[in-house]
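Here are a few friendly notes to read alongside the structure. Take the points one at a time and find each residue as you go.

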Amino acid sequence: MKCSVIILNWNGAEMLRQYLPSVLTANRRQPIADIIVADNGSTDNSLEVLAKEFPTAKTIVLDKNYGFAEGYNRAIEQVDSEYVVLLNSDVEVTEYWLSPLLDYLQANPDVAAVQPKIRSWRKREYFEHAGAAGGYVNALGYPYCRGRVLFYVEKDHGQYDTIKDVDWTTGACMCVRTQVYKDSGGLDAAFFAHMEEIDLCWRMRNKGWRLACVPQSTVYHLGGGSLAYDNPRKTYLNFRNNLLMIYKNHPCRWIVLSLRWVLDYVAALMFLLIGRTGSAKAICSARHDYRIMRKNYN
């Protein structure tokens, strides 16, 4: 097959039961990809469920939980397809979701990666937070999307149904040229999870590649399957990884990082004022660890 759809799973047996059938059904109707579940060291019955209930899905078994970033890197090293799709385990696909993505990549050899339109699985007429209709990064390094700014998501009225170049494509459903993924260094394993796909996309763009959202394809994403938006661990990863991403990629990094020093501590103060002490501490820890980790990128 020219394409491999890789679903990274960690202790997600029930997620597989809920969402994998849509992927397998779509591929039976239009068999254009290998469907692979990469198990990230699960300790539940995921592998048993796959063997008994989804025998047509191929499996890659990793020896431990490597996190989202390194888990995908290790899985992608084991496939030789021209294109690979990073697909979250909590995504329901539509009938012909994959062909518009592959068609656009094949017709545009200067495009490294594409994403579909991401709508909410719970509120199906609305965009979903993780990716919506394509991602951008503002001058201060903050990511946002067409159809979503901060925690506000729009209802999909077809307002973003044109194919458009973007700054980043979501890791919830990213179709990427396999060799470009590898040549760009893959996802940064040090990130573990959150914003690693934005960092990868930034690196690909710095190499001259384009990225696009192809809204002729639509999928539905549950979202929040790993960490809730207000979980301090998620706050920590988002702030730390965002700073690392800016340090690695931004052409005016020192100016931006100086401004972010102020803005991050203002954010920590705001969390303190509304009683989210854990999130305030998470920002301080993120800044501390960023200062240590950035030495690895000099």
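1. Start with Leu-272, which sits in helix H8, the stretch of residues 253-273. This is a predicted model, and in it Leu-272 has a relative accessibility of 48%, so the residue counts as partly exposed. Leu-272 also belongs to a nonpolar surface patch of about 830 Å². Its other members are Trp-261, Val-262, Val-266, Leu-269, Met-270, Leu-273 and Ile-274.

2. Now turn to a helix with much less on show. Is helix H4 mostly covered or mostly uncovered? Helix H4 (residues 98-107) is mostly covered, with seven of its ten residues buried. Those buried residues are Leu-98, Ser-99, Pro-100, Leu-101, Leu-102, Tyr-104 and Leu-105. The cover over them includes several strands, among them E1 (3-9), E4 (83-87), E6 (111-120) and E13 (210-221).

3. Next, look at how two helices pack. The axes of helix H6 (residues 196-206) and helix H7 (residues 232-249) are 10 Å apart and meet at an angle of about 10°. Angles under 35 degrees count as roughly parallel, and H6 and H7 are therefore roughly parallel to each other. On the H6 side, the contact is made by Ile-198, Asp-199, Trp-202, Arg-203 and Asn-206. H7 contributes Met-245, Lys-248 and Asn-249.

4. How many salt bridges does the structure hold? There are 19. One of them joins the side chains of Arg-17 and Glu-14, at 2.5 Å from N to O. These two residues are three apart in helix H1 (residues 13-29), which means about one helical turn separates them. Arg-17 is partly exposed at 32% relative accessible area, while Glu-14 is exposed at 54%.

5. A similar arrangement can be found in helix H2 (residues 46-53), where Glu-48 and Lys-52 are four residues apart, again about one helical turn. Their closest N and O atoms are 3.1 Å apart, in a salt bridge. Why does this spacing suit a pair? An α-helix has 3.6 residues a turn, so residues three or four places apart point the same way. Glu-48 counts as partly exposed at 44% relative accessibility, and Lys-52 as exposed at 63%.

6. Finally, compare a pair from separate strands. Arg-210 and Asp-165 meet through their side chains in a salt bridge of 2.9 Å, N to O. Arg-210 lies in strand E13 and Asp-165 in strand E11, so this pair ties together parts 45 residues apart in sequence. Elsewhere, Lys-117, Arg-119, Asp-156 and Asp-161 are joined into one network by salt bridges that share partners.

How values were computed:
Residues numbered from 1 in each chain as written. Predicted model: local features only at pLDDT ≥ 70, side-chain atom pairs only at ≥ 80, totals over all residues. Heavy atoms only, no water. Patch = residues over 30% accessible without salt bridge, like charges linked within 9 Å, V, L, I, M, F, W, Y side chains within 5 Å. Areas by Shrake-Rupley, 256 points an atom, 1.4 Å probe, with all protein chains shown as cover. Salt bridge = Lys/Arg side-chain N within 4 Å of Asp/Glu carboxyl O. Buried < 20%, exposed > 50% of the residue type's maximum accessible area, 1.4 Å probe, protein only. Axes fitted to C-alpha atoms, helices over the stretch in contact; angles between N-to-C directions. Parallel < 35°, antiparallel > 145°, perpendicular 65-115°, else oblique. Contact = heavy atoms within 4.5 Å.
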